[in-house]
Amino acid sequence: MALPDTILTPAGNSAELMAFLGSGAVKITEADLTVALSVGVGEVEKACGPIVSRNLTERIAGGSRVVVEGGRCSVVVSLTPDAGGSAPASYIIDGQVIASGDGSDLPAGVIVYTSGFCSTTTTPPWWAKAAALHIARHYWRTQLSNSKAPTIGDGSSYLIPNQAASLMDGYTLAPDGFA
């Protein structure tokens, strides 16, 4: 079964996800597997930011420090100030918090920064992969494989199982930009 290339299915290989889903997954369709995979990876990235490094763009209000919301910043690519401002020559970066290297205020404008835990050529972090597998399996078991309507107590009322939440602990983004 060929799937989209993600942290769970490098080069579209579904074998690891199928093994994790267990013997009950024999009847799973490619469409259902793709949905479970998308949900698992999507929820990890929603909670922790990008796993595979990529550039993110945000509008910032400026100030002595700014908090970016899309993910942990590893490097500032560019800062395009609104009229009348200038970008600093260097930056101090602490996770989602960015400050000017010279202590001056950052201008309001558009910032482009790189965020992620691995590159496209390196192995994703074990915790991200494991958390995404747990979420994909939970979603498949409670939403896709149930022929009956979900009932209270079957785990269908939540998306992130405790195992996945524990694996992501320490990597989650600050809520609503509070860093």
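Six bridges join β3 to β6, and these two strands run antiparallel. I start there, in a model that is predicted. Within that pairing, Ser-78 stands opposite Val-112 of β6. The two strands belong to an open sheet of three, with the order β1-β6-β3 and antiparallel pairing. Its edge strands are β1, residues 54-60, and β3, residues 75-81, each of which pairs on one side only. Neighbouring strands in this sheet are turned against each other by 20 degrees on average, ignoring direction.

Let me step back to the whole chain. It has four helices and six strands. Read from the N terminus, the elements run α-α-β-β-β-β-β-β-α-α. The chain has 179 residues, and 40% of them count as buried. Taking the contacts with a separation of 6 or more, 71% are between residues 24 or more positions apart.

Now the other sheet. What is the order of its strands? This open sheet also has three strands, ordered β2-β5-β4, and the pairing is antiparallel. At the edges stand β2, residues 65-67, and β4, residues 91-94; each has a single partner strand, so one side of each is left without a neighbour in the sheet. The average turn between neighbouring strands here is 20 degrees, again with direction ignored.

I will take the two pairings in turn. Between β2 and β5 there are three bridges, and the strands run antiparallel. Arg-65 has Ala-99 as its bridge partner in β5. On the other side, four bridges join β4 to β5, residues 97-100, also antiparallel. In this second pairing, Ile-93 is bridged to Ile-98 of β5, and Asp-94 stands opposite Val-97. The hairpin of β4 and β5 has two residues between the strands, and Gly-95 takes a positive phi there, near 65 degrees.

Are the faces of β5 covered or open? Both are covered: Val-97 and Ala-99 on one side, and Ile-98 and Ser-100 on the other, are all buried.

Next, one residue of β6 in detail. Ser-115 lies in this strand, which covers residues 109-115. Its relative accessible area is 1%, so Ser-115 is buried. Which backbone oxygen lies 2.8 Å from a polar atom of the Ser-115 side chain? That oxygen belongs to Arg-72. Setting aside neighbours within four places in sequence, Ser-115 is in contact with Pro-50, Val-52, Ser-53, Arg-54, Leu-56, Gly-71, Arg-72 and Ser-74.

On to the nonpolar cores. The largest has 25 residues, and the members that touch the most others are Leu-17, Val-44, Ile-51, Trp-127 and Met-168. Four elements give two or more residues to this core: α1 (15-21), α2 (30-48), α3 (126-144) and α4 (162-168). The most comes from α3, with nine residues. Apart from this core lies another, of 11 residues, including Leu-56, Val-68, Leu-79 and Leu-106.

Ile-51 deserves a list of its own. Not counting residues up to four places away in sequence, Ile-51 touches Ile-7, Val-44, Glu-45, Gly-116, Phe-117, Cys-118, Pro-124, Pro-125, Trp-127 and Ala-128. Val-44 and Trp-127 therefore appear both in this list and among the core members that touch the most others. 

A word on helix α2, where Gly-42 lies. Is Gly-42 buried or partly exposed? With 33% relative accessibility, Gly-42 counts as partly exposed. Gly-42 and Ile-135 are 93 residues apart in sequence, while their C-alpha atoms are 9.6 Å apart in space.

Last, the cysteines. A disulfide is a covalent bond between the sulfur atoms of two cysteines. How many disulfides does the model have? The count comes to zero, with a limit of 2.5 Å between the sulfur atoms. Cys-73 counts as buried, at 8% relative accessibility. Cys-118 is buried too, with a relative accessible area of 6%, and Cys-118 is one of the residues that Ile-51 touches.

Terms used
Residues numbered from 1 in each chain as written. Predicted model: local features only at pLDDT ≥ 70, side-chain atom pairs only at ≥ 80, totals over all residues. Heavy atoms only, no water. Core = buried A, V, L, I, M, F, W, Y, C linked by side-chain atoms within 4.5 Å. Buried < 20%, exposed > 50% of the residue type's maximum accessible area, 1.4 Å probe, protein only. Contact = heavy atoms within 4.5 Å. Polar contact = N/O pair within 3.5 Å; in protein donor to acceptor, adjacent residues only side chain to side chain. Pairing = 2+ DSSP bridges. Axes fitted to C-alpha atoms, helices over the stretch in contact; angles between N-to-C directions.
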